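Here is my note on the model you asked me to look over. Keep the structure open as you read, and find each residue as it comes up.

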Amino acid sequence: MARLILNQLGKDFGTGRAVVSGFSLDVREGGFLALLGPSGCGKTTVLRMIAGFETPTDGSVHLGERLLADAAQSLPPEKRNMAMVFQSYALWPHMSVADNVGYPLKVRGISGETYRTKVRDALGIVRLAEYAERRPADLSGGQRQRVALARCLVTSPDVVLLDEPLANLDRHLKQEMEETFRDFHQRSGATMIYVTHDQSEAMALATDVAVMSEGRLLQVASPAEIYARPEGRVVGGLIGRGAIVTLPRIAGNCRAFDRPVLEPLFAGAVAGTASGDRMDVLVRPEDVMVSGENTAAGEGIAAAVESVLFEGERYALKLTLADGQALRAYSRFPVRTGDSLRLSVRAAWRL
Ligand SMILES: Nc1ncnc2c1ncn2[C@@H]1O[C@H](COP(=O)(O)OP(=O)(O)OP(=O)(O)O)[C@@H](O)[C@H]1O
């Protein structure tokens, strides 16, 4: 196994506008990278260039020392020792689970005891050993997805590519499958690249999250890092819940602000007295402290409740400040739409 390196990768389908451009990424060996971005931003195109289904028009793809593709040459998919799992499981309905899993081995001319051992091991990893003789039609959606995983594992690929593999599953099954994927990653040791537009899925699964927009890579970092320190409005808006607020600019390079710094900034913005330069800051709902109507007049920032979503353990609030800007907050106590509140913000991050 080896590191997968994308070097200034670009793709133009001949429309005159590049769908992917200047895309450089280093995926560490055995890592689990989620490629996250809005629909149409080029995620699948990047994955297809890694797999060998598309040839880059710019840049190159390397696996360790090996050049897999550049604009002049491209190794065919079957020579890359990679496996791709699609949203639709693409199982053969007339074959048993074991035959489906063993199919890539047959294609490679592997048979006999080696064949049987590899199929058994792959089914064991996805915990489907007892289902070997069933047909795909007799399995649940999650089990079918696990068959598809076992089939891609059976050839011991260096890299497993997954294109929105959970998009068709319901929420409950999704959670179960997220655990299967984590388990699969640990047991197989393969490098995994997982395309999704669902940020919570990306954060739950991956060791690294790469955010892209309009064909470009914006940031790559661990889930915790990208949540705490997103770069720019697009990443800030895409990762986690939060609100982007425009406040009077503070001089200097500091990007993490605490309550004493934020209080006068919010007061100035809300009172409309602030003028001059502005900055965008991200405020997470867990950093907005809501107090009741009994708070002494003038204390805290005034806000009106725009909407309330009951989430079981808490209420998720959308709030409007006096200047019309929105904030998100959580409350453990019931709050009604239209209520007036006072709040304080204990932390914010400059984008
Ligand atoms: N073969 C092709 N020819 C021309 N344009 C294409 C081709 N394949 C993809 N595109 C365009 O490239 C852009 C990126 O598509 P891609 O499928 O990579 O995005 P995506 O981020 O995976 O989107 P989604 O999440 O909706 O699947 C889209 O505008 C799409 O229309």
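Which residue in β19 is the bridge partner of L282? Start there. The partner is W349. One caution before the points: this is a predicted model.

1. **The strands around β13.** L282 and W349 belong to a pairing between β13 and β19. Strand β19 covers residues 347–350, and two bridges join β13 to this strand. The two run antiparallel. Strand β13 (residues 278–283) also pairs with strand β11 (residues 243–248). That pairing is antiparallel too, and it spans six bridges. Look for P248, which stands opposite R278 in β13.

2. **The whole chain.** Now step back. The chain has 351 residues, and 37% of them are buried. Its secondary structure comes to nine helices and 19 strands. Along the principal axes, the C-alpha atoms fill a box of roughly 80 × 45 × 30 Å. Now take the contacts with a separation of 6 or more. Of these, 67% are between residues 24 or more positions apart.

3. **The six-stranded sheet.** In what order do the strands of the open sheet run? The order is β6-β7-β8-β3-β9-β10, and the pairing is mixed. Strands β6 (82–85) and β10 (216–221) stand at the edges. Each has a single partner strand, so one side of each has no neighbour in the sheet. From one strand to the next, the twist averages 20 degrees.

4. **One pair inside that sheet.** Strand β3 holds residues 32–36, and strand β8 holds residues 191–196. They pair in the parallel sense, over five bridges. To find the register, go to L35: its bridge partner in β8 is V195.

5. **The largest nonpolar core.** This core has 70 residues. Which of them touch the most other members? They are L33, L35, A150, L161, I193 and Y194. Helix α4 (residues 141–153) gives the largest share of this core, six residues. Now follow L33. Leaving out residues up to four places away in sequence, L33 touches V27, M192, I193, Y194, A206, D208 and A210.

6. **A separate core.** Apart from the largest core lies another, of 24 residues. Its members include V283, V290, V305 and A329.

7. **The ligand shell.** Twelve names are worth clicking through here. F13, T15, V19, G37, S39, G40, C41, G42, K43, T44, T45 and H197 surround the ligand. How many of the shell residues are polar? Eight are polar, three are nonpolar and one is charged.

8. **Helix α2 and its neighbours.** Helix α2 spans residues 97–107, and V97, A98, N100, V101 and G102 are buried in it. The buried residues of α2 pack against α3 and α4. Just after α2 comes G109, with a positive phi of about 80 degrees.

9. **V119, seen from α3.** V119 is found in helix α3 (residues 112–125). Is V119 buried or exposed? V119 is buried, because 24 other C-beta atoms lie within 10 Å. Beyond its neighbours within four places in sequence, V119 is in contact with A98, V101, G102 and V154. Compare that with a long step: V119 and E286 are 167 residues apart along the chain, and their C-alpha atoms are separated by 47 Å.

10. **Two residues to check.** N81 has a phi near 50 degrees, a positive value in a residue other than glycine. N81 is found in the loop between β5 (66–70) and β6. Why does N81 count as partly exposed? Because N81 has 14 C-beta neighbours inside 10 Å. E164 is not a glycine either, yet has a positive phi of about 45 degrees. E164 lies in the loop between β7 (159–163) and α5 (171–188). With 18 C-beta neighbours inside 10 Å, E164 also counts as partly exposed.

Definitions and conventions:
Residues are numbered from 1 along each chain as its sequence is written. This is a predicted model: local features need pLDDT of at least 70, side-chain atom pairs count only at pLDDT 80 or more; totals for chains, interfaces and linings use all residues. A nonpolar core is a set of buried Ala, Val, Leu, Ile, Met, Phe, Trp, Tyr and Cys residues joined through C-beta atoms within 7 Å. A residue is buried if 20 or more other C-beta atoms lie within 10 Å of its own, exposed if 12 or fewer, and partly exposed in between; C-beta atoms are placed from the backbone. Helices (H or I, at least four residues) and strands (E, at least two) are DSSP runs, numbered from the N terminus. Two residues are in contact if their C-beta atoms, placed from the backbone, lie within 7 Å. A residue is near a molecule or strand if its C-beta atom, placed from the backbone, lies within 6 Å of it. Ala, Val, Leu, Ile, Met, Phe, Trp, Tyr, Cys and Pro count as nonpolar, Asp, Glu, Lys and Arg as charged, and the others, Gly among them, as polar. Two strands pair if DSSP finds at least two bridges between them. Axes are lines fitted to C-alpha atoms, for helices over the stretch in contact, and angles run from 0 to 180 degrees between N-to-C directions.
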